[in-house]
Amino acid sequence: MARFEAVTSLDGDRADVVLSGECDLAARDDCTAALLGAVRSAPAVVVDLGAVTFLDSTGVHALVTAHQAALARGGWISVVNAAGMVAHVLEITGVAGLLRERGGDDG
């Protein structure tokens, strides 16, 4: 139904990744590639999930994989604007706490 899209923009040491559509098995490779590309591009990565309509375990896996890659490089990744079912999935899996929104001082 809803196609997956990832748009990344860079601003200094921060990469912003806007995901939209369904983050599921069909989008696994594109989602993971976009997130890992952002991690390679900047130490701070903020993933906007406001336009994500569906998130399953493969989308969660992509986020956790990117988180681990960011930590290995001395960086971090956080998610913002998760709502509805997407926020619920992040909460029940514990990923919401792992990828909490970062302030200016705790990067």
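## A predicted α/β chain, starting from Arg28

R28 counts as partly exposed, because its relative accessibility is 38%. The model you are looking at is predicted, and R28 is a good place to step into it, since this side chain takes part in a salt bridge with D29, where the closest N and O atoms are 3.5 Å apart. A search of the whole structure finds two salt bridges. The other one joins the side chains of R14 and D16, at 2.7 Å from N to O. In general, side chains of opposite charge can pair when their charged atoms come close.

How exposed are the partners? The table gives them together with V17, a residue of strand β2.

| Residue | Relative accessibility | Class |
|---|---|---|
| R14 | 37% | partly exposed |
| D16 | 22% | partly exposed |
| R28 | 38% | partly exposed |
| D29 | 55% | exposed |
| V17 | 0% | buried |

### The overall fold

Stepping back, the protein chain has four helices and four strands. Followed along the sequence, they come in the pattern β-β-α-β-α-β-α-α. The C-alpha atoms fill a box of roughly 35 × 25 × 20 Å along the principal axes. A compact globule of 107 residues would have a radius of gyration near 13 Å, and the 12 Å of this chain agrees with that. Buried residues make up 41% of the 107. Sequence-distant contacts are well represented: of the contacts between residues at least 6 apart in sequence, 68% join residues at least 24 apart.

### The nonpolar core

Which residues sit at the heart of the largest nonpolar core, in the sense of touching the most other members? Among its 29 residues, they are L19, L35, V45, V47, L49, I77 and L90. At least two residues of this core come from each of β2 (14–23), α1 (28–41), β3 (44–55), α2 (57–72), β4 (76–80), α3 (84–93) and α4 (95–98). In soluble globular proteins, nonpolar side chains tend to be buried together.

L49 shows how such a residue is surrounded. Apart from neighbours within four places in sequence, L49 is in contact with L19, V79, V80, N81, A82, V86 and L90. One of these partners, N81, lies in the loop between β4 and α3. The phi of N81 is positive, near 65°, although this residue is not a glycine.

V17 offers a second view from the inside. With the same neighbours in sequence left aside, the contacts of V17 are V7, T8, L35, A38, V45, V46, V47 and D48. The C-alpha atoms of V17 and L49 are separated by 8.7 Å, with their positions 32 residues apart along the chain.

### Helix α1, buried on one face

Two of the contacts of V17, L35 and A38, are also among the buried residues of α1, which are C31, T32, A34, L35, A38 and V39. Seen down the helix axis, the buried residues of α1 fall within an arc of 160°, so they line one face. An α-helix has 3.6 residues a turn, so residues three or four places apart point the same way. What do the buried residues of α1 pack against? Their partners are β1 (5–11), β2, β3, α2 and β4. The other side of α1 carries the exposed residues D29, D30 and R40, and D29 is the salt-bridge partner of R28 described above.

The length of α1 fits as well: at 1.5 Å a residue, its 14 residues should span 20 Å, and the end C-alpha atoms are indeed 20 Å apart.

### Helix α3, with a narrower buried arc of its own

In α3, the buried residues are V86, V89 and L90. They cover an arc of only 95° around the axis, which puts them on the same side of the helix. V86 and L90 both appear among the contacts of L49, and L90 is one of the core residues that touch the most other members. The cover over the buried residues of α3 includes β3, α2, β4 and α4. Turned away from this buried side are the exposed residues G84, E91 and I92.

Where α3 ends, G94 follows, with a positive phi near 85°.

Technical notes. Residues numbered from 1 in each chain as written. Predicted model: local features only at pLDDT ≥ 70, side-chain atom pairs only at ≥ 80, totals over all residues. Heavy atoms only, no water. Core = buried A, V, L, I, M, F, W, Y, C linked by side-chain atoms within 4.5 Å. Buried < 20%, exposed > 50% of the residue type's maximum accessible area, 1.4 Å probe, protein only. Contact = heavy atoms within 4.5 Å. Expected span 1.5 Å × (residues − 1). Arc of directions from axis to C-beta. Salt bridge = Lys/Arg side-chain N within 4 Å of Asp/Glu carboxyl O. Rg over C-alpha atoms; globule rule 2.2 N^0.38 Å.
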